[in-house]
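Colleague: I am new to this structure and would love a friendly tour. Could we look at it together, one question at a time?

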Amino acid sequence: MRWRAYGEHAALLDCASLTQTISAHATVSSARPAGISELVPGARSLLVVEIPGSGALAAVRELLSGADLEHPPDGEPREITLDVTYDGEDLELVARDAGVSLDDVVRLHTEAVYTVAFTGFAPGFGYLTGLPEPLRQPRLVTPRTRVPPGSVGLAGEFTGVYPRVSPGGWRLIGHTRTVLFDPRADPPAVLAPGDRVRFWSAG
Amino acid sequence: MRELEVVETGPLALVQDLGRPGYAHLGVPPSGALDVPALKLANRLVGNEEAAAGIECLFGGLRLRAKASCTVAVTGPAVAVEVDGRAVGSHAPVWLAPGQLVAIGAPSRGLRCYLAVSGGIAVGAELGSRSRDVLSEIGPAPLRAGDVLPLGTPSGLARGADVVVPAVAATELVVPVEPGPRAHWFTALEAGLAKTWTVTAESNRVGLRLDGTPLTREGEYAGKELPSEGLLTGAVQVPPNGKPVVFLADHPTTGGYPVAAVVRQASLPALAQARPGTLLRFHSSTRVWNR
């Protein structure tokens, strides 16, 4: 764990693992020192932006200097369940590469409990960690130019749901009807960093 | 209801206010006017709160018809402004009677003019802002001829400033930078950034894309992949081709290429006015760089 300078009003915490990142984010989120304007987790980092003159960066450094980041703090994260129809175009490819049946892919994906590690790519797109080992698979060699909204995909150590139409290289295993992002809703995004997520097979 | 009708848009006209900071953790860019002081000035000139929504007009060509009496002001680079064909000038409040047409010419330097109108543009807000985010497509769609824009209720009187001197957009910029989180990935970074870079035509509200002598990585970081990490406005990100991108208000919230430096906030308005072809050098502060 190491702090890196990031311009005049921000600093980036380098973390050794995704677990450390999630722990650091949860620790800062729950204490929420005054004066933080943005708190943005990445895959191995946490970006903290302060309101100039607030002293929030110093407060966050102090908060994390004594924290045990190998064990995420006990909190009460939001729990979200997403209904999924497992009919994705890459379901057979995923099953083949995992060496399991189609039903096993669904079982593996729905039995796991995921954590939203970070967001990005598009508003409301969460990178969910906790994917069972057999489902950790590479991206498609040729990304799709158009992935429909609600598509549930996986790539590397992450699974996630495309909030809107976009290009994409994740392997698609299903779709959900839940609207992941609506800028006129409150809250606008279904998924935020730190949330716990389960998938439920809607048949 | 007080309204403005869009007659012509020019290359790109967008509703902008001060944006929607605070949602980066949900993947939402801050957005907002690129030249913040220019929008604030335009709003003050017409008697609005500084945060009211106006129109960011890329390279002029905007023509609007008042459907009710209102006061407008155009700021940014000095630019020709006409009311019903009569020159009225930029950087001053101008009263429009119902039916009058205001037209913004093309600025001879700089890129983005701002038009504020008494009461502000009152289209519906998304996530607390009326700004159009071109990356995420949040906020009101780019203006089109025939659009009718609702106006809010004027809150104050237009300011009678005698003379406002517009900032002059430079054709050669020196941009002060602070170290970024991955400064140590690059070889002789300060010297590389201090060379002359050219703003390319691929630049937009997401970022300024630069051309010049590529930055090179230190041996131990050559070809290294960076796990996605948070981005900020002003971050100087260096993709594998070594040519930096300076992120502006509609930047993605996370990215997988190293950020070598960060532009000091006071210089962001100058970047908003940097045309393709503008020459630019980064000047690093005295802080320790390669760590």
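Colleague: Among contacts in chain B between residues at least 6 apart in sequence, what share joins residues at least 24 apart?
Modeller: Please keep in mind that this is a predicted model. Two residues count as in contact when their C-beta atoms, placed from the backbone, lie within 7 Å. Taking the chain B contacts between residues at least 6 apart in sequence, the share that joins residues at least 24 apart is 77%.

Colleague: What radius of gyration does chain B have, and how does that fit the globule rule?
Modeller: Chain B holds three helices and 20 strands. For its 291 residues the globule rule gives 19 Å, and the value for chain B is close to that, so chain B is as compact as a globular protein of that length. Along the principal axes, its C-alpha atoms fill a box of roughly 65 × 35 × 30 Å, and buried residues make up 52% of the chain. The radius of gyration itself is 20 Å.

Colleague: In the closed barrel of chain B, which strands pair with β12(B), and in what sense?
Modeller: The barrel has seven strands with mixed pairing, in the order β12-β19-β16-β17-β14-β13-β20. Its neighbouring strands are turned by 40 degrees against each other on average, direction ignored. Six bridges link β12 (residues 172–179) to β20 (residues 279–284) of chain B, with B:Leu173 facing its bridge partner B:Leu280, while three bridges link β12(B) to β19 (residues 259–263), where B:Val177 has B:Val263 as its bridge partner. The partners are therefore β20(B), parallel, and β19(B), antiparallel.

Colleague: Which strands are at the edges of the open sheet in chain B?
Modeller: This sheet has five strands in the order β2-β3-β10-β5-β8, with antiparallel pairing. The twist averages 25 degrees from one strand to the next. An edge strand pairs on one side only, and that holds for β2 (12–16) and β8 (94–96) of chain B.

Colleague: Which helix packs on that open sheet?
Modeller: Inside the sheet, four bridges join β3 (residues 54–58) to β10 (residues 112–117) of chain B, and B:Cys57 has B:Cys113 as its bridge partner. The helix touches β2, β3, β5 (70–75) and β10 of chain B, and its direction makes about 30 degrees with that of β10(B). It is α1 (residues 36–45) of chain B.

Colleague: Which residues of helix α4 in chain A are buried?
Modeller: A residue counts as buried if 20 or more other C-beta atoms lie within 10 Å of its own. The buried residues of α4 (residues 102–111) fall within an arc of 95 degrees seen down the axis, so they line one face of the helix. That face packs against α3 (91–98), β12 (171–175) and β13 (196–201) of chain A, whereas A:Asp103 and A:Glu111 are exposed on the other side. The buried residues are A:Val105, A:Val106 and A:His109.

Colleague: How many residues does each chain give to the contact between A and B?
Modeller: On the side of chain A, the elements that give two or more residues are β1 (2–5), β2 (10–14), β3 (36–41), β4 (45–50), β6 (114–120) and β7 (122–129). That side divides into 19 nonpolar, seven polar and five charged residues. The counts are 31 residues from chain A and 27 residues from chain B.

Definitions and conventions. Residues are numbered from 1 along each chain as its sequence is written. Chains are lettered from A and ligands numbered from 1 in the order in which they are written. This is a predicted model: local features need pLDDT of at least 70, side-chain atom pairs count only at pLDDT 80 or more; totals for chains, interfaces and linings use all residues. Ala, Val, Leu, Ile, Met, Phe, Trp, Tyr, Cys and Pro count as nonpolar, Asp, Glu, Lys and Arg as charged, and the others, Gly among them, as polar. Two strands pair if DSSP finds at least two bridges between them. Axes are lines fitted to C-alpha atoms, for helices over the stretch in contact, and angles run from 0 to 180 degrees between N-to-C directions. A residue is buried if 20 or more other C-beta atoms lie within 10 Å of its own, exposed if 12 or fewer, and partly exposed in between; C-beta atoms are placed from the backbone. The arc is that of the directions from the helix axis to the C-beta atoms. The radius of gyration is taken over C-alpha atoms; the globule rule is 2.2 Å times the number of residues to the power 0.38.
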